[in-house]
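Here's a quick tour for anyone meeting this structure for the first time. Take a look at the sequence and the model, then read on.

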Amino acid sequence: MSTLTDLAAMIPDAVVRLQGIVRRTPVQLDERLTDATGSEIWLKREDLQPVRSYKLRGAYNLMAQLDEAEREAGVVCASAGNHGQGVAYSAAALGIKATVVVPHTTPRQKRQRIVALGQGQVELVLHGTTYDEASDEASRLAAEGKVLVPAFNDARTAAGQATLVVEAFEQLGFVPDVVVIPIGGGGLVSGASAWLRENHPDVRIIGVEPDGAPCVAAAISAGRPVTLHDIDTFVDGAAVRRVGEFTFDAIREARIELVRVPEGQICTEMLDMYQTDGIITEPAGALASAALPTGGVGPRVQIHAGSRVLVIVSGGNNDVSRYAEIVERSLIHEGRKRYFLVDFPQRPGALRTFLDSVLGPEDDITYFEYVKRSNRETGPALVGVELGTPGDYQFLLQRIDECGMQAEEVAYDSPFFQFLT
């Protein structure tokens with residue numbers, strides 16, 4: 001039998017096992033995305049789970065199947081935060097001791113919630129800076145006798161994650177044309193794809209990866225799982241260096257469509273969801289909807305107008321302290337945030353001349369740092385400008401040239417720019 005067939009056979013039991021444990025999260029028609037795409041966009045709100053992500057489904061489904069000896073030994077997992085919360089919640093519900101290993105980059109909000117949800121059953125361990133480094137430590141602890149609860153690379157985890165799609169189809173009352181699923185290590189998309197290919201093979205499945213950590217796309221290209229050496233950990237819930245062997249086999253067999261979305265595009269979608277829809281998501285939670293054809297900047301999937309589309313909002317564990325970076329990344333992605341090194345004359349009024357001559361009526365100075373040196377006629381300044389609209393950029397460059405000051409833009413891909421942001 002195939003990987004997908006075997007996995008699909010496990011999902012009905014997972015549905016029964018999770019009854020009364022997970023919340024039946026709503027499926028909602030999103031007016032903003034519907035108007036922007038010309039299609040019906042339905043959001044499955046897994047950010048409203050008790051642990052504010054779908055990860056509870058896979059963790060509980062696996063842990064509930066452990067025998068007495070395994071429960072006595074205790075469990076260990078690696079997590080970027082959400083899986084750890086699912087394991088913690090399950091540990092408290094099942095009375096199992098758990099060790100949760102998270103990277104140091106895990107937002108404080110997620111770390112605190114893991115401990116709180118565990119109700120005394122959880123030991124939190126910080127290790128490394130990426131999920132994969134935390135995973136290595138969890139594997140080491142498992143070798144000492146604890147039972148490993150994988151975040152994605154296990155059929156029991158994937159079957160539990162898939163229950164959200166089963167639930168969503170029941171709630172919709174119809175079969176959507178397209179299902180859009182965020183991808184990290186591939187647990188959710190492998191489980192969901194198994195159920196869809198078995199029960200609704202004509203449904204179009206689109207998997208969305210963050211541009212800074214496309215581990216599934218890399219594996220598909222290579223024909224096997226490969227390790228990404230450099231990843232952007234901003235989308236912490238989906239920043240995985242290497243897809244699992246099991247999940248890779250399932251994803252490859254399902255032949256889903258893949259798209260990569262830049263982190264800045266995800267940030268723009270997070271802000272739109274917050275400001276317009278009243279939905280607080282983490283970066284991975286906005287990953288799927290960020291790929292929809294709303295007309296914004298960046299790569300988008302192609303969806304026929306009038307389609308009915310189910311989109312998974314995977315999680316809402318976002319630390320409020322991250323919003324400054326979210327806004328910054330969004331502005332940069334849209335081309336509205338620019339930095340310049342300007343050689344200012346060392347005379348009174350030079351800054352006012354620059355502001356009056358260069359800035360448009362909707363532009364603003366967001367950053368200014370000036371180094372004055374008395375033995376020179378000019379001094380360098382670092383200037384950050386926020387444009388009213390991206391289309392004003394060429395006019396800004398023209399006005400800088402006309403003002404007679406020497407200015408050099410800091411390129412987005414330069415190490416200096418990365419230092420600034």
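## Strand β8 and its neighbour

Let's start with strand β8, which covers residues 204-210. Six of its seven residues are buried, so β8 is largely enclosed by the rest of the structure. Keep in mind that this is a predicted model.

Who sits beside it? Strand β7 runs parallel to β8, and five bridges join the two. If you want a spot to look at, find Ile181, which stands opposite Gly207 in β8.

## On to strand β10

From β7 (residues 178-182) you can step across to β10, since three bridges join these two strands, again running parallel. Here Val180 has Val311 of β10 as its bridge partner.

What about burial in β10? This strand spans residues 308-313, and five of its six residues are buried, so β10 is largely enclosed by the rest of the structure.

β10 also pairs with strand β2, made of residues 40-45. That pairing is parallel too, and it runs over six bridges. One place to see the two strands meet is Arg45, which stands opposite Val313 in β10.

## A buried alanine in a loop

Now for a single residue: Ala291 lies in the loop between α12 (263-277) and β10. Is Ala291 buried or exposed? Its relative accessibility is 0%, and buried means under 20%, so Ala291 counts as buried.

Which residues does Ala291 touch? Leaving out residues up to four places away in sequence, the list is Val208, Val259, Val261, Gln265, Arg300 and Val301. Val208 takes us back to β8, the strand of residues 204-210.

There's a link to Val180 as well, the residue that partners Val311. Ala291 and Val180 are 111 residues apart in sequence, yet their C-alpha atoms are 8.6 Å apart in space.

## Two helices that cross

Finally, have a look at helix α1 (residues 3-17) and helix α8 (residues 155-172). They pack at an angle of about 65 degrees, and their axes are 8 Å apart. α1 and α8 are therefore roughly perpendicular to each other. The crossing of α1 past α8 is right-handed.

Where do they meet? On the α1 side, the residues are Leu7, Met10, Ile11, Ala14 and Val15. On the α8 side, they include Ala155, Arg156, Gly160, Thr163 and Val166. Sorted by class, this contact has ten nonpolar, two polar and one charged residues.

Technical notes: Residues numbered from 1 in each chain as written. Predicted model: local features only at pLDDT ≥ 70, side-chain atom pairs only at ≥ 80, totals over all residues. Heavy atoms only, no water. Axes fitted to C-alpha atoms, helices over the stretch in contact; angles between N-to-C directions. Helix = DSSP H or I, 4+ residues; strand = E, 2+ residues; numbered from the N terminus. Parallel < 35°, antiparallel > 145°, perpendicular 65-115°, else oblique. Left-handed = near helix turned anticlockwise from the far one by under 90°. Contact = heavy atoms within 4.5 Å. Nonpolar A, V, L, I, M, F, W, Y, C, P; charged D, E, K, R; others polar. Buried < 20%, exposed > 50% of the residue type's maximum accessible area, 1.4 Å probe, protein only. Pairing = 2+ DSSP bridges.
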